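Colleague: I would like to learn how to read helix packing and chain contacts. Can we work through a case together?

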Protein chains: 2
Amino acid sequence: MAASKRNSTKSNFNLDAFLASSTEQVNAALDHFLPSEKTKPATIHKAMRYSLFAGGKRMRPALALAAAAACGGRAADALPLACAVECIHTYSLVHDDLPAMDNDDFRRGKPTNHKVFGEGIAVLAGDALLTQAFEIAAQCRSWPRYSHRDIILEIARASGSLQLIAGQVADLEGEGKKTSAAQLKYIHERKTSALLCCSARLGGMSANCSPTQLAALTDFGYHVGLAFQVIDDILDVTQTSEQLGKTAGKDTKAQKATYPSIVGLEKSRKIATELTNKAFASLKPFKGKAVALEALAEFLLKRDR
Amino acid sequence: MAASKRNSTKSNFNLDAFLASSTEQVNAALDHFLPSEKTKPATIHKAMRYSLFAGGKRMRPALALAAAAACGGRAADALPLACAVECIHTYSLVHDDLPAMDNDDFRRGKPTNHKVFGEGIAVLAGDALLTQAFEIAAQCRSWPRYSHRDIILEIARASGSLQLIAGQVADLEGEGKKTSAAQLKYIHERKTSALLCCSARLGGMSANCSPTQLAALTDFGYHVGLAFQVIDDILDVTQTSEQLGKTAGKDTKAQKATYPSIVGLEKSRKIATELTNKAFASLKPFKGKAVALEALAEFLLKRDR
């Protein structure tokens, strides 16, 4: 059933147009929220903008906007939250790329932040993006159902030491060690799924969604998030650095556990499809109105970079 | 007048008891808000708690509680904000101590975070403390005059790329270069004064203070913050590492501009006293009810560590 639903979705919804429009709105809003490159001290604002505008796919903001649309909300209300989540995602990449962590020289086809600005400024640029995320989020619209307090707690918890950061810690500590499939799932749930799930939930909250809708978005975001990371693992093995715009094969090199290394490539692909099917199933309460979310899940499953 | 007022304050208010009680309440609240050391992943929570409970003087929380008291507020309402500010202060120290920044091995008489947990975890522990600050702050009480939105914006702006982080960037970029007194003031305003000022303001906001009181606290926090850093500079030159519990003379070693290096030791002491007098003068609207704030300013001026 899920498969046929996916086919019908594809033909009815123009995802390319949605993504182009979503990216354009998010880029304009980020440009508006962030201090200009000339604002003193210029170095930090150049460094923040360098990574924020390095050609990211803006998948988390797209998820937030698609979730808002599914709940009948306006993009304008979801935008500050979409931008906040993108700032958090970018900060996490800047810090993860540091020599003390993944030690990566390239990201999205460009030298990583610390390669351009030095390690000290890269640490501070990450800190500043994380702080900026909360400043932007606090400027969102609040609703009777979802207050600023709820929004800030949502973001802080998804990004904190029990979720996003927990994933990075477990990832860091797991390098070179034997990792079980269960442990890998623990890492993926936190490192990737938490913030994708948060993005979908924030989109719903920006549209004053019902508790049933919020539960559906949580379920959807969780499964799409897990699928997203399984596919990331697959691409790391199957694609070249040029195709990815970042160092390919780095998981293998760093002796990091991945789905392909634990269960093999074919089983990994099957798991990604199953997770995407579960994501689809969770959209039932939207009764066909979550077209953008469906198309996004399909796109994320089939992406090649 | 300021001097005589300071003398009378000293005799009437038991600052030691206030600081002991404030520290006890803040430590208990931080312990309550932070995940335990056993919470998975244990490493990150151990690292966060290691620096948070490393014997800091809890000056920012004390300032918040003293400001709340001056406005007739309850300590319980100020506590989450006092804890949030302390988390931000601690994160900034953990990151500033990193090899890529100040490269410091000791802080408060103990090995710095990265010396114990490694650089990767130290970066993440700082990130987690910063994130935790917003999670804690969002749990504060809100008032008709000060919403959660106001509180979060207050903290994010004082800690962001235009204030706290700007100060650290300017400090980093100024090393080994000739710095003017004006540039040094720019650094101190951001690196130290911004968060101290924010602490005082948050204390007032937690007590639903009047706009006049908030303006007075802003003025007070600004001047106390500047005085605090001038004295820090003086102590770095005049005290031993043992007395300070951190590496003494490191500013000179790193060729960092300080008040003593630019205007000399005697003039620096005079500036610190003048700033403290200005802080006192700003408390006029409280009509003698800001005894804890007065005693704190006096204490900060005369401290030897």
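Colleague: How many of the 11 residues of H3(A) are buried?

Modeller: First, a caution: this is a predicted model. A residue counts as buried if 20 or more other C-beta atoms lie within 10 Å of its own. By that test, eight of the 11 residues of H3(A) are buried, so the helix is largely enclosed by the rest of the structure.

Colleague: Which residues of H3(A) are buried?

Modeller: Thr43(A), Ile44(A), His45(A) and Ala47(A) are buried, as are Met48(A), Tyr50(A), Ser51(A) and Leu52(A).

Colleague: What do the buried residues of H3(A) pack against?

Modeller: Within chain A, they pack against helix H2 (15-33), helix H5 (75-96), helix H6 (113-117) and H7. H9 of chain B also packs against them.

Colleague: That brings in the second chain. How is chain A laid on chain B?

Modeller: Look for the turn and the shift along the axis. Here a turn of 180° with a shift of 0.0 Å along the axis lays chain A on chain B, at an RMSD of 0.0 Å. The two copies are thus related as by a two-fold rotation axis. In chain A, His148(A) has the C-alpha nearest that axis, at 3.1 Å.

Colleague: How many residues of each chain are in contact with the other?

Modeller: On chain A, 41 residues are in contact with 40 residues of chain B. Helices of chain A that each supply at least two residues to this side are H3 (42-52), H7 (119-137), H8 (148-159) and H9 (164-174). H7(A) gives the largest share, 12 residues. By class, the side of chain A that touches chain B has 23 nonpolar, 12 polar and six charged residues.

Colleague: Why do the copies meet through the same surface?

Modeller: Compare the two lists of interface residues. Of those in chain A, 98% are also interface residues in chain B, so the copies meet through the same surface.

Colleague: Let us take one residue in helix H3 of chain B, Ile44(B). Is Ile44(B) buried or exposed?

Modeller: Ile44(B) counts as buried, because it has 29 C-beta neighbours inside 10 Å.

Colleague: Which residues is Ile44(B) in contact with, leaving aside neighbours within four places in sequence?

Modeller: Sort them by chain. From chain A come Ser161(A), Ile165(A), Ala166(A) and Val169(A). From chain B come Ile121(B), Leu124(B), Ala125(B) and Ala128(B).

Colleague: What about Ala166(A), in helix H9 of chain A?

Modeller: Ala166(A) is buried too, with 26 other C-beta atoms within 10 Å. Not counting residues up to four places away in sequence, Ala166(A) touches Ser161(A) and Arg190(A), plus Pro41(B) and Ile44(B). Sequence separation is worth checking as well. Ala166(A) and Lys191(A) are 25 residues apart along the chain, yet their C-alpha atoms are separated by 7.3 Å.

Colleague: How should I read a helix pair?

Modeller: Two packed helices are described by the angle between their axes and the distance between the axes. Take helix H9 (residues 164-174) and helix H10 (residues 181-206) of chain B: they pack at about 140°, with axes 7 Å apart. That makes H9(B) oblique to H10(B). The crossing is left-handed.

Colleague: Which residues meet in this pair?

Modeller: On H9(B), they include Leu164(B), Ala166(B), Gly167(B) and Asp171(B). On H10(B), Gln183(B), Tyr186(B), Ile187(B) and Arg190(B) are among them. By class, this contact has seven nonpolar, four polar and three charged residues.

Conventions:
Residues are numbered from 1 along each chain as its sequence is written. Chains are lettered from A and ligands numbered from 1 in the order in which they are written. This is a predicted model: local features need pLDDT of at least 70, side-chain atom pairs count only at pLDDT 80 or more; totals for chains, interfaces and linings use all residues. Copies are superposed by least squares on the C-alpha atoms of residues with pLDDT of at least 70 in both. Two residues are in contact if their C-beta atoms, placed from the backbone, lie within 7 Å. Helices (H or I, at least four residues) and strands (E, at least two) are DSSP runs, numbered from the N terminus. Ala, Val, Leu, Ile, Met, Phe, Trp, Tyr, Cys and Pro count as nonpolar, Asp, Glu, Lys and Arg as charged, and the others, Gly among them, as polar. A residue is buried if 20 or more other C-beta atoms lie within 10 Å of its own, exposed if 12 or fewer, and partly exposed in between; C-beta atoms are placed from the backbone. Axes are lines fitted to C-alpha atoms, for helices over the stretch in contact, and angles run from 0 to 180 degrees between N-to-C directions. Angles under 35 degrees count as roughly parallel, over 145 as roughly antiparallel, 65 to 115 as roughly perpendicular and the rest as oblique. A crossing is left-handed if the near helix is turned anticlockwise from the far one by less than a right angle, and right-handed if clockwise.
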